[in-house]
Amino acid sequence: QVQLVESGGGLVQPGGSLRLSCAASGSFLSLYTMGWYRQAPGKQRELVAAINSGGSTNYVDSVKGRFTISRDNAKNTVSLQMNSLKPEDTAVYYCSARWTITYWGQGTQVTVSS
């Protein structure tokens with residue numbers, strides 16, 4: 001069993017930055033691929049960024065060059081640094097942990113608006 005708790009969401013103006021954090025608890029966490037997904041109203045949940053157990057990362061094209069995912073296996077945390085935020089980044093952001101099955105956090109709202 002893995003539990004994930006996100007933090008760091010909020011309201012930010014276009015062009016601003018936010019840092020999301022996900023605190024994980026459970027066993028064998030270093031083996032999990034950790035990810036951040038988002039879901040905007042009326043849209044499907046999409047993968048924003050992921051980082052595997054070896055540290056390799058991948059990003060959806062729309063956030064490349066603006067977002068950075070990182071993990072700290074010693075602290076069991078994964079973070080998403082979001083820069084140059086745009087209104088279209090507005091969504092609920094979910095932390096995920098995937099190995100044999102996928103676990104989800106409860107989500108944190110990110111709103112980009114002037």
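**Entry 1: a start in the first loop**

I began with G9, which I found in the loop between strand 1 (3-7) and strand 2 (10-12). This is a predicted model, so I read everything below as such. G9 has a relative accessible area of 34%, so I noted this glycine as partly exposed. I then looked up its distance to R19: the two C-alpha atoms are separated by 7.5 Å, and the residues stand 10 apart along the chain.

**Entry 2: the loop between strand 8 and strand 9**

Next I turned to K86, which lies in the loop between strand 8 and strand 9. I put K86 down as partly exposed because its relative accessibility is 34%. What separates its C-alpha atom from that of Q13? The distance is 8.1 Å, with the two positions 73 residues apart along the chain.

S84 is in this loop between strand 8 and strand 9 too. I marked S84 for its backbone: its phi is positive, at about 50°, although the residue is not a glycine. With a relative accessible area of 41%, S84 is partly exposed.

**Entry 3: the disulfide**

I looked for disulfides and found 1 in the structure. C22 and C95 form it, with their sulfur atoms 2.2 Å apart. The pair links distant parts of the chain, as C22 is in strand 3 (residues 18-25) and C95 is in strand 9 (residues 91-98), 73 residues apart. The angle about the S-S bond is -85°, and I logged the link of C22 and C95 as left-handed. Are these cysteines buried or exposed? Both C22 and C95 are buried.

**Entry 4: aromatic pairs**

My count of aromatic pairs came to 4. I wrote out two of them.

Y32 and W99 make an edge-to-face pair, with 5.5 Å from centre to centre and 65° between the planes. Why does this pair tie together parts that are 67 residues apart in sequence? Y32 lies in the loop between strand 3 and strand 4 (33-39), while W99 lies in the loop between strand 9 and strand 10 (102-104), so the contact bridges that separation. I checked accessibility on both sides. Y32 comes out at 5%, so I count this tyrosine as buried. W99 has a relative accessible area of 42%, so I count this tryptophan as partly exposed.

Y37 and W104 are also edge-to-face, at 4.8 Å centre to centre and 70° between the planes. Here too the pair links distant parts of the chain: Y37 belongs to strand 4 and W104 to strand 10, 67 residues apart. Y37 is partly exposed because its relative accessible area is 21%, where buried would mean under 20%. W104 has a relative accessibility of 37% and is likewise partly exposed.

**Entry 5: the ring cluster and F28**

I followed the ring pairs and saw that they link F28, Y32, W99 and Y103 into a cluster. F28 deserved a note of its own. This phenylalanine lies in the loop between strand 3 and strand 4, and its phi is positive, at about 60°, although it is not a glycine. Is F28 buried or exposed? Its relative accessibility is 57%, so F28 counts as exposed.

**Entry 6: R45 over two rings**

Over which rings does the charged end of R45 sit? One is the ring of Y94, with the charged end 3.8 Å from its centre. Another is the ring of W104, with the charged end 4.6 Å from its centre. I was pleased to meet W104 again here, after its pair with Y37.

**Entry 7: the cavity**

I searched for enclosed space and found 1 cavity of 30 Å³ or more. Its volume is about 70 Å³. The lining consists of A24, L29, S30, M34, R71, D72, N73, N76, T77 and V78. Strand 7 (67-72) and strand 8 (77-82) are the elements that give two or more residues to this lining. By class, I have 4 nonpolar, 4 polar and 2 charged residues around the cavity.

**Entry 8: the pocket**

My last look was at the largest pocket, which holds about 150 Å³ of space. Which of its 13 lining residues are the closest to the centre? They are R38, K43, E46, E88 and D89. The pocket lining has 2 nonpolar, 4 polar and 7 charged residues.

Key
Residues are numbered from 1 along each chain as its sequence is written. This is a predicted model: local features need pLDDT of at least 70, side-chain atom pairs count only at pLDDT 80 or more; totals for chains, interfaces and linings use all residues. Side-chain values use heavy atoms; hydrogens and water are left out. On a 1 Å grid over the protein atoms alone, a cavity is a set of points where a 1.4 Å probe fits but cannot get out, and a pocket is an open set with protein on both sides within 12 Å along at least five of seven lines; lining residues have an atom within 4 Å of a point. Grid points are joined across faces, edges and corners, and a volume is the space filled by probe spheres set on the points. Helices (H or I, at least four residues) and strands (E, at least two) are DSSP runs, numbered from the N terminus. Ala, Val, Leu, Ile, Met, Phe, Trp, Tyr, Cys and Pro count as nonpolar, Asp, Glu, Lys and Arg as charged, and the others, Gly among them, as polar. A disulfide is a pair of cysteine sulfur atoms within 2.5 Å. Buried means under 20% relative accessible area, exposed over 50%, partly exposed in between (1.4 Å probe, protein chains only). Rings of Phe, Tyr and Trp (its six-membered ring) pair if their centres lie within 6.5 Å; planes under 30 degrees apart count as stacked, over 60 as edge-to-face and the rest as tilted. A charge sits over a ring if NZ of Lys or CZ of Arg is within 6 Å of the ring centre and within 35 degrees of the ring normal.
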